[in-house]
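Q: Got a minute to go through a structure with me? I'd like to talk about what holds its side chains together and how the chain is built.

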Amino acid sequence: PVLDTEDAWVSVEGPVSIVELALEQKRIHYPLVEHQFVLCTVLYAIMRLSLKGLKPLSLFDSKGKNAFFKDLTSIQLLPSGDMEPSVLSIRQQFLLKVVTAAVQTLCSSQKDREVSEEEYFPFEKGKNWPTLAADLAQYLQISEDLVRRHYVCELYSYGMDHLGEE
């Protein structure tokens with residue numbers, strides 16, 4: 001981009017401006033940032049929902065694992081559309097565990113006290129974990145419908161029929 005500067009600023013001496021420093025930076029490889037985002041979301045879900053016995057890196061193939069340790073400005077080989085069935089199975093199990101844990105948290109919080117509709121997920125305001133799991137399913141190449149169906153089944157199995165109908 002072309003930056004117009006006033007004449008008074010041209011003769012100023014001192015350190016390089018932050019704008020010039022920002023323009024000199026290399027551009028990031030956005031798919032690599034998305035890949036990192038998926039890992040962060042997975043780790044956060046494991047931590048927040050207290051999921052035990054999960055190995056987060058098992059959700060990624062060898063290309064995906066190698067990409068985590070590269071500079072964000074480098075162009076890396078990321079996982080392609082073809083994924084091993086075993087990795088897809090692990091991903092599907094993970095997403096279903098996230099949904100199950102979210103519904104269990106919801107059910108236990110409703111038993112403890114009367115909860116208003118805005119507080120269905122009291123551990124985080126505005127954070128709907130089943131919806132997040134469905135969104136994450138797109139990145140992990142799992143059917144969103146499968147995750148949503150599991151969510152409805154979990155709601156019915158915990159006696160929250162009014163939410164399941166919605």
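A: Sure. One term to start with: a salt bridge here is a side-chain nitrogen of Lys or Arg within 4 Å of a carboxyl oxygen of Asp or Glu. Also, keep in mind that this is a predicted model.

Q: OK, how many salt bridges does the structure hold?
A: Just one. The partners are E144 and R148, and their closest N and O atoms are 3.3 Å apart. That falls within the 4 Å cut-off, so the pair counts as a salt bridge.

Q: Where do E144 and R148 lie?
A: Both are in helix α7, which covers residues 144–157. They sit four residues apart, or about one turn of the helix.

Q: And how accessible is E144?
A: E144 has a relative accessible area of 23%, so it counts as partly exposed.

Q: What about R148?
A: R148 is partly exposed too, at 39% relative accessibility. The partly exposed range runs between 20% and 50%, which is why 39% gets that label.

Q: Switching topic: how many helices and strands does the protein chain have?
A: Eight helices and zero strands. Along the sequence the pattern reads α-α-α-α-α-α-α-α.

Q: What share of the residues counts as buried?
A: 33% of the 166 residues in the protein chain.

Q: And how much area does the protein chain expose?
A: About 11,200 Å², with carbon and sulfur atoms supplying 54% of that.

Q: Last one: which contacts join residues at least 24 apart?
A: Taking contacts between residues at least 6 apart in sequence, 67% join residues at least 24 apart.

Terms used:
Residues numbered from 1 in each chain as written. Predicted model: local features only at pLDDT ≥ 70, side-chain atom pairs only at ≥ 80, totals over all residues. Heavy atoms only, no water. Helix = DSSP H or I, 4+ residues; strand = E, 2+ residues; numbered from the N terminus. Buried < 20%, exposed > 50% of the residue type's maximum accessible area, 1.4 Å probe, protein only. Contact = heavy atoms within 4.5 Å. Areas by Shrake-Rupley, 256 points an atom, 1.4 Å probe, with all protein chains shown as cover.
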